[in-house]
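Please look through the sequence and the model below, and then read the briefing that follows, which is grouped by topic.

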Amino acid sequence: MSVPGFFVTGSDTGVGKTMIAGGLAALLRKAGRDVGVMKPMETGVKTSRGKQPYDDASFLMKMAAVKDPPSLVRPIGLKAPLSPHHAALQEGIPIEIGVVMEAYETLRARHETMIVEGAGGLMVPITENFYMADLARMMGLPVLIVVHPFLGSINHAIISAMAAQAEGLDVLGIVFNAWKKGKYPAPDFQLIERKTGEAVLGLVGCIPRPDKRSIQKAVWEGLDIERLLARLERRTPQVRAAMAAELAEKDKKYTWHPFTQMKEWMKDDITIIGSGKGVTLRGVDGAEWLDGHSSYWCNVHGHGDRDMNRAVIRQLGMISHSTFLGLSNEPAARLAEKLVEISPSGLERVFYSDNGSTAVEVALKMSCQYWRHVEPKGARNKFLSLGGAYHGDTVGAVSVGGIDLYHAVFRSLLFDSVFVPSPYCYRCPLGQSHPECGLACADLVDKALEENQGEVAAMIIEPIVQCPAGMITAPPGYLRRAREACDRHGVLLIADEVAVGFGRTGRMFACEHEDVSPDIMTLSKSISGGLFPFAATLTSGKLFNAFLGDYEEKKTFFHGHTYTANQLGCAAALENLRLMEERGTVEQGLVKGNAMGRSLESVASLPHVGDVRRRGLIAGVELVRDKSTGEEYPWEERVGARCAAEAKTRGLIIRPLGNTLALFPAPASTLEEISRMTRIMGDSIREVTER
Ligand SMILES: *Cc1c(COP(=O)(O)O)cnc(C)c1O
């Protein structure tokens, strides 16, 4: 059985990683295993001592008795005794991770087991944004943490284990190494195991002479090699695949997935995600995919972003949750101020909840109650929404939803809504072509409000792009016209920015494109950077003030959720906004969106692609049976779903919206990643529609 190996790291530099890595390599070699070694980057390299090169890499090669080219064993050697990042800066040679990984892959293909020795500890920078921990993760190796056993060892062992865990790394074990000194208090292994949750595999004692025999002997005597090997055996690709299969079985037996025909699901091959970094998702079996829909439209800075994680970990350390009923909390107060500051003018109050549907539910109930306060004898019980609208899955949100496939079955539960056709230019409801139409579809809003004079509490709209409907981009001016119509009829406007908010369309909020201030705005999905279920409903001062009165007047908004203003969600949202500012995420999104548009041109030219719609980093690709007439594929053929399935086999996760494929990458995606996404998408469409 092949054992991929492990990555030796330290609680600090100078703890004797090389002795451990070398000793284990020699022992495994002696036991008949084909061991490869690697020291991907070494700093403080002296070219020679006498004739023999004297460095960690050559030492490891000697211990493992391998004859690999030194340039593969140590692709990067730097003179200055600094972190690789700083040594490279000093020498003016940029470190290329690609080169290191190529060397690693070559060695891995040659050997049964790889022992890779890092430099210093896990948080040693290799480049500005890439640490030793990232290298271990990229190699897919569990880490063995070497700690000195002297005073302070418990602290160092715990801190290093916490760092590995926060990095999402698999810890093979912790070992102590006293090779240089004889006197030390014996570390309390049990305590360290209990406090870290990781295995302590032993203590290597003083090594009188650092020759191969003595090192091998000390490592053999000090460490529980059998336990180490047993733990290594649990990390083979075969074992991981078996674990994925076991988890899939549990999933199929016990869970019920959203929007999923479970009869099919239970038959299908399913994927169990284990981790993610940047825009890459990794299955527990090690397979990887590009996250083409930013984990359903919510991830902003990539998975495992360290700044996001740190903000949440800090908050975790303080408090995760205390109720917002009768109490407030620090991040909630700060975030509310920030949201009011960045949102369209007029929005002055923030009501927190925990998902897009609840944010919409709050908006609907608020508008309803608002009219009770200002028109006690009025009858404004209806809402106006667009055909194909989607505002969530709770009963109120479904009432204003216009996707029959999802909503029809619940009609008997729903309240009265008025619908106007969606401003869907590719299939214009009025049979016209833009811009000659003069936005006739916007006149329908006016007409509907006229016909229901005095009965409509609010219009609810997904500004600029109706995402779940199939990324339907409204013609320029539509949103503004809808706002004006609402104003003419004294109707509130609710902008559902759950999907389009936070830079996705190239502006912080989609309403900004047309300088529209809604009376209510709903936010969720990207608000927490995609880390937590979290949401907010923002309202105007006018609306808020209508709820003020003496308690007996019963003007209180009697609505709330247990996790309202959850501190972790608030902390994530605050950090998300701070990082968006610092990283210029909105501006970057605009630039990347344009690049995405250019690489979608080749997709648009495919014979079965009828329409490519895009705003910022949101794109919809509508598949048609006949491009010249726009004839649709029958929905039962599920062409979109088949293309998405094909894309998955090619390494891209996307989801279909009927016959439209959605591409909704995280703003953190690089241009290269975006172009890979569009290329796979195009290839998949070709494979499904042209074969
Ligand atoms: C996703 C979505 C919702 C619902 O949000 P959930 O968090 O899934 O409840 C509401 N409105 C729009 C526009 C959405 O895209």
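Phenylalanine 502 sits in the loop that runs between β20 (492–496) and β21 (520–523), and in this predicted model its phi is positive, at about 65°, although the residue is not a glycine. The points below begin with backbone features of this kind and then turn to the chain as a whole, two further residues, the cysteines and the ligand.

**Backbone features**

- Phenylalanine 502 is buried, and its relative accessible area is 1%.
- Serine 294 is another residue that is not a glycine and yet has a positive phi, in this case of about 40°.
- Serine 294 belongs to helix α13, which covers residues 294–297, and with a relative accessible area of 1% this serine is buried.
- The peptide bond that leads from histidine 434 to proline 435 is cis, and its omega is near 0°.
- Proline 435 is placed in a loop, the one that connects β16 (417–420) with α19 (440–451).

**The chain as a whole**

- The chain contains 25 helices and 28 strands, and its C-alpha trace spans about 95 × 65 × 50 Å along the principal axes.
- Of the 691 residues in the chain, 54% are buried.
- The accessible surface of the chain amounts to about 30,900 Å², and carbon and sulfur atoms account for 54% of that surface.
- If one takes the contacts between residues at least 6 apart in sequence, 73% of them join residues that are at least 24 apart.

**Two residues and their surroundings**

- Glycine 346 lies in the loop between α15 (330–342) and β14 (347–353), where it is partly exposed, with a relative accessible area of 37%.
- Once the neighbours within four places in sequence are left aside, the residues in contact with glycine 346 are Thr539, Ser540 and Gly541.
- Glycine 346 and arginine 679 are 333 residues apart along the chain, and their C-alpha atoms are separated by 43 Å.
- Isoleucine 97 is found in helix α5, made up of residues 97–110, and at 15% relative accessibility this isoleucine counts as buried.
- Isoleucine 97 touches Ile126, Phe130 and Met138, when residues up to four places away in sequence are not counted.
- The C-alpha atoms of isoleucine 97 and proline 75 are separated by 10.0 Å, and the two residues are 22 apart along the chain.

**Cysteines and disulfides**

- A disulfide is a covalent bond that joins the sulfur atoms of two cysteines.
- How many disulfides does a search of the whole structure find? The search finds zero.
- Why is the sulfur of cysteine 368 not bonded to that of cysteine 486? The sulfur of cysteine 486 is the closest cysteine sulfur, but it is 17 Å away and therefore too far for a bond, given that a disulfide needs two cysteine sulfur atoms within 2.5 Å.
- Cysteine 467 is likewise in no disulfide, and the nearest cysteine sulfur, which belongs to cysteine 298, is 13 Å away.
- Is each of these cysteines buried or partly exposed? Cysteine 368 is partly exposed, with a relative accessible area of 30%, whereas cysteine 467 is buried, with a relative accessible area of 1%.

**The ligand and the residues around it**

- There are 13 residues around the ligand, and the ones that come nearest are Gly356, Ser357, His391, Asp496 and Lys525.
- Sorted by class, the shell around the ligand consists of five nonpolar, five polar and three charged residues.
- Glycine 356 approaches the ligand through its backbone, from which a polar atom is 2.8 Å from an oxygen atom of the ligand.
- Serine 357 uses its side chain, in which a polar atom lies 2.5 Å from an oxygen atom of the ligand.
- Aspartate 496 also has a polar side-chain atom beside the ligand, and that atom lies 2.7 Å from a nitrogen atom of the ligand.
- On its own the ligand has 380 Å² of accessible area, and the protein covers 83% of that area.

Methods
Residues numbered from 1 in each chain as written. Predicted model: local features only at pLDDT ≥ 70, side-chain atom pairs only at ≥ 80, totals over all residues. Heavy atoms only, no water. Near = heavy atom within 4 Å. Polar contact = N/O pair within 3.5 Å; in protein donor to acceptor, adjacent residues only side chain to side chain. Areas by Shrake-Rupley, 256 points an atom, 1.4 Å probe, with all protein chains shown as cover. Nonpolar A, V, L, I, M, F, W, Y, C, P; charged D, E, K, R; others polar. Buried < 20%, exposed > 50% of the residue type's maximum accessible area, 1.4 Å probe, protein only. Helix = DSSP H or I, 4+ residues; strand = E, 2+ residues; numbered from the N terminus. Contact = heavy atoms within 4.5 Å.
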